[in-house]
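Work through the exercises below with the structure open beside the text. Try each task before reading its solution.

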Amino acid sequence: MGPRMEVILRPTAEAAADLVARIIARELRANPHLVLGLATGRTMEAVYARLVRFHREEGLDFSLCSTFNLDEYVGLPPTDRHSFRHYMNHHLFLQVNIDLRNTHLPDGRAGDLEAECRAYEALIKRFGGIDLQLLGIGRSGHIGFNEPLSALQSRTRVKALSPVTVAQNAPLFGGEDQVPRRAITMGVGTILEARRCLLLATGEEKADLIARAVEGPITAMISATALQLHPRCTVVVDEAAAGRLRCTEYYRWIFENEPEWEPFRPPAGAA
Ligand code: GLP
């Protein structure tokens, strides 16, 4: 199979998260040394809950894999419950047999943030690059924290959060004035170097962004559109998030008929 972008529609948010978790599990079983790129956000909680279940019930083994998260807030210590390190420990790392020394996030408290960004890029390279990058999409159309006008070739750097993103996060922090204004994020160029990208979006409020990201023109205003340049990107959406896509019949046909998706198709009659 040559380079391609694919869209997979699942009936519900649960079924979409389940498919994403099964894609990750399959790649991890095929390569126990997998270098996994990870994302945070509410959407991902369902994916991590399933990976934890696969670990407990089916012995999915994380002991040899390593992870790199997309981003981290500037200024938050790892112990802060709003930090992405805390999120990852809570939802995944402490619930599976991963070696914490193999889990990486940018250090948002580094004295020299630019040096930290360069070191993060170098570390990803030292691990041979990211095999599979999991992605969500933020309200501003960002992947990672690549806010509007993120250069399509950008690398890991400090990025100011847009007002839309600050507003989106405000409820989690107890008010807009509590939200950090900056984050370290992998760049769009960094993400595009992952061997495979896997984007998950669920819910009606993502429908417009998904239509623009997948079927719209490539623009630095919506960093998710850059995934159209990626040789191997799978976008998984539930029916609600697929609501504004135009070519849904075509996407459905591919999932139902391409041999590659056979192991992931539910048995006839099941959801
Ligand atoms: C944050 C993260 C993004 C994530 C987004 C979506 O902004 N930096 O990587 O995609 O949240 O969050 P949610 O899943 O809660 O909609």
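Three exercises follow, each with a worked solution.

This is a predicted model, in which local features need pLDDT of at least 70 and side-chain atom pairs count only at pLDDT 80 or more, while totals for chains, interfaces and linings use all residues. Residues are numbered from 1 along each chain as its sequence is written, and side-chain values use heavy atoms, with hydrogens and water left out.

**Exercise 1. Arg85**

Find the element that holds Arg85, and describe the surroundings of its side chain.

Step 1. Arg85 belongs to helix 3, residues 84-91. Helices here are DSSP runs of H or I with at least four residues, strands are runs of E with at least two, and both are numbered from the N terminus.

Step 2. Arg85 is buried and has no salt bridge. Buried means under 20% relative accessible area, exposed over 50%, and partly exposed in between, with a 1.4 Å probe and protein chains only. A salt bridge would need a side-chain nitrogen of Lys or Arg within 4 Å of a carboxyl oxygen of Asp or Glu. The nearest side chain of opposite charge, Glu72, is 6.3 Å away; in this count Lys and Arg are positive, Asp and Glu are negative, and His and the chain ends are not counted.

Step 3. List the contacts (heavy atoms within 4.5 Å). Beyond the neighbours within four places in sequence, the contacts of Arg85 include Pro78, Phe93 and Leu100.

**Exercise 2. The open sheet**

In what order do the 3 strands of the open sheet stand, and which strands are at the edges?

Step 1. The order is 4-8-7, with antiparallel pairing. Two strands pair if DSSP finds at least two bridges between them.

Step 2. Strand 4 (71-73) and strand 7 (157-160) are the edges; each has a single partner strand, so one side of each is left without a neighbour in the sheet.

Step 3. Strand 7 and strand 8 (residues 182-185) are joined over 4 bridges in the antiparallel sense. Arg182 in strand 8 is the bridge partner of Ala160.

**Exercise 3. Val74**

Is Val74 buried or exposed, and which residues is Val74 in contact with?

Step 1. Val74 sits in the loop between strand 4 and helix 3.

Step 2. Val74 counts as buried because its relative accessibility is 15%.

Step 3. Leaving aside neighbours within four places in sequence, Val74 is in contact with several residues, among them Gly108, Leu113, Val158 and Arg182. Val74 and Val158 are 84 residues apart along the chain, and their C-alpha atoms are separated by 8.1 Å.

Key: Polar contact = N/O pair within 3.5 Å; in protein donor to acceptor, adjacent residues only side chain to side chain.
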